Amino acid sequence: MRKPWPTGKQSVVFRSAAGWGDSIYAVAIVNELRKQFPEIIVRTRHPHIFSWMHGVLPVQWSKHGEDIAIHYSGRKQCPETNQFQDLLFACCLPIDIEFRIDWKVMNKGLIERMKAAAEGKRICIVAAPHTVFGRRDGYGAELTPKWDGYQAIIDAFKHKLFFVQVGLIREGANFRGIGMDLIGKVSDTDTLDLATSADCVLGQHGYSIPLAEAFAKPLFVIYSRRGLNSHDPYIKFSTAQKTNTRSTSHHAVDDEPIQTIIKKAGECYGLPFQ
């Protein structure tokens with residue numbers, strides 16, 4: 001159940017959820033809210049990606065002290081809306097607003113180096129393999145897919161795509177065929193620069209979904225069968241139908257045959273695979 005819309009206030013406090021992907025969603029939401037509030041305070045763990053918005057003050061993240069929480073958890077089991085629409089609902093906004101970020105590249109030198117290294121190939125951002133949620137208690141780990149499908153996609157299309165890997169850490173796999181490995185080497189704003197300048201994204205459940213969809217980039221995600229079969233309702237409903245917003249986002253499940261996964265990825269990226 002959402003909080004009532006704050007009235008009679010010049011400055012309104014919104015709290016993003018804690019994750020990196022949550023903050024990407026929040027940028028689009030806060031940008032929309034600027035049309036209604038002259039001053040917005042947003043509690044976030046990723047303040048720099050809000051720095052370009054006039055009238056928005058990012059402050060230290062905390063679990064308390066907000067007027068509205070930008071979070072989708074309360075509608076996780078509602079099949080009629082996707083994840084971004086759930087965020088719009090939580091913020092009392094129309095759910096037909098498009099998810100997009102009008103981002104301007106900040107680190108032009110990084111993008112020039114990436115394009116030069118690609119030597120004319122199309123550029124695909126790859127999310128570094130990591131355990132979903134990354135919680136110490138292991139909650140959500142069953143959403144983490146098997147990695148062999150990702151390696152097969154990279155092997156199949158490395159002559160047509162230049163793969164650029166991003167993320168804070170690498171867990172569970174070390175992909176071969178990566179053209180530029182930027183794990184732990186770029187900032188939050190750099191990552192948005194890379195995504196908006198790339199041609200497509202290869203990701204998993206988590207931040208790579210809003211990273212691609214904010215810029216309408218073709219996205220391919222492999223979902224975990226263990227997660228889809230989970231007895232936990234929050235995890236079980238973390239499906240492609242719930243998490244994906246755009247028709248440019250495609251998916252497979254990690255128990256499908258490898259050749260099927262490669263073919264689906266090729267269709268997503270407009271690359272035929274025999």
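## Lys-242 and helix α9

Lys-242 is found in helix α9. The model is a predicted one, and the values below are computed from it. At a relative accessibility of 4%, Lys-242 falls under the 20% cut-off and therefore counts as buried.

Where does the side chain of Lys-242 reach? It reaches the backbone oxygen of Cys-78, at 2.6 Å. With neighbours within four places in sequence left aside, Lys-242 is in contact with Arg-75, Lys-76, Cys-78, Thr-81, Asn-82, Gln-83, Asp-86 and Phe-237.

## Helix α2

Two of the contacts of Lys-242, Gln-83 and Asp-86, are also among the buried residues of α2. The others buried in this helix are Phe-84, Gln-85, Leu-87, Leu-88 and Ala-90. Helix α2 covers residues 83–90, and because seven of its eight residues are buried, it is largely enclosed by the rest of the structure. Its buried residues pack against α1, β4 (68–70) and α9 (240–243).

The N-terminal end of α2 is capped by Asn-82, which places a side-chain oxygen 3.1 Å from the backbone nitrogen of Phe-84. Asn-82 is also one of the residues in contact with Lys-242. Just after α2, Cys-92 takes a positive phi of about 60°.

## Nonpolar cores

In soluble globular proteins, nonpolar side chains tend to be buried together. Here the largest nonpolar core has 57 residues, and Phe-14, Ile-29 and Phe-50 have the most contacts inside it. Helix α1 gives the most to this core, with nine residues. Apart from it lies another core, of 24 residues, including Cys-124, Ala-152, Ile-178 and Leu-271.

Which residues does Phe-14 contact, leaving aside its neighbours within four places in sequence? They are Leu-33, Phe-37, Ile-40, Ile-41, Val-42, Arg-43, Glu-66, Ile-68, Ile-70 and Cys-91. Arg-43 and Glu-66 in this list belong to the charged class.

## The largest pocket

The largest pocket has a volume of about 1,300 Å³. It is lined by 41 residues, of which Ala-18, Gly-19, Trp-20, Asp-22 and Phe-133 are the closest to its centre. By class, the lining has 18 nonpolar, 15 polar and eight charged residues.

Helices α1 (20–33), α5 (188–197) and α6 (208–213) each supply at least two residues of the lining. Which helix gives the most to the lining of the largest pocket? It is α1, with four residues. Helix α1 thus appears in three settings: it gives the most to the pocket lining, it gives the most to the largest nonpolar core, and the buried residues of α2 pack against it.

Conventions. Residues are numbered from 1 along each chain as its sequence is written. This is a predicted model: local features need pLDDT of at least 70, side-chain atom pairs count only at pLDDT 80 or more; totals for chains, interfaces and linings use all residues. Side-chain values use heavy atoms; hydrogens and water are left out. On a 1 Å grid over the protein atoms alone, a cavity is a set of points where a 1.4 Å probe fits but cannot get out, and a pocket is an open set with protein on both sides within 12 Å along at least five of seven lines; lining residues have an atom within 4 Å of a point. Grid points are joined across faces, edges and corners, and a volume is the space filled by probe spheres set on the points. A nonpolar core is a set of buried Ala, Val, Leu, Ile, Met, Phe, Trp, Tyr and Cys residues joined through side-chain atoms within 4.5 Å. Buried means under 20% relative accessible area, exposed over 50%, partly exposed in between (1.4 Å probe, protein chains only). Contact means heavy atoms within 4.5 Å. A polar contact is a pair of N or O atoms within 3.5 Å; within protein, one must be able to donate a hydrogen and the other to accept it, and residues adjacent in sequence count only if both atoms are side-chain atoms.
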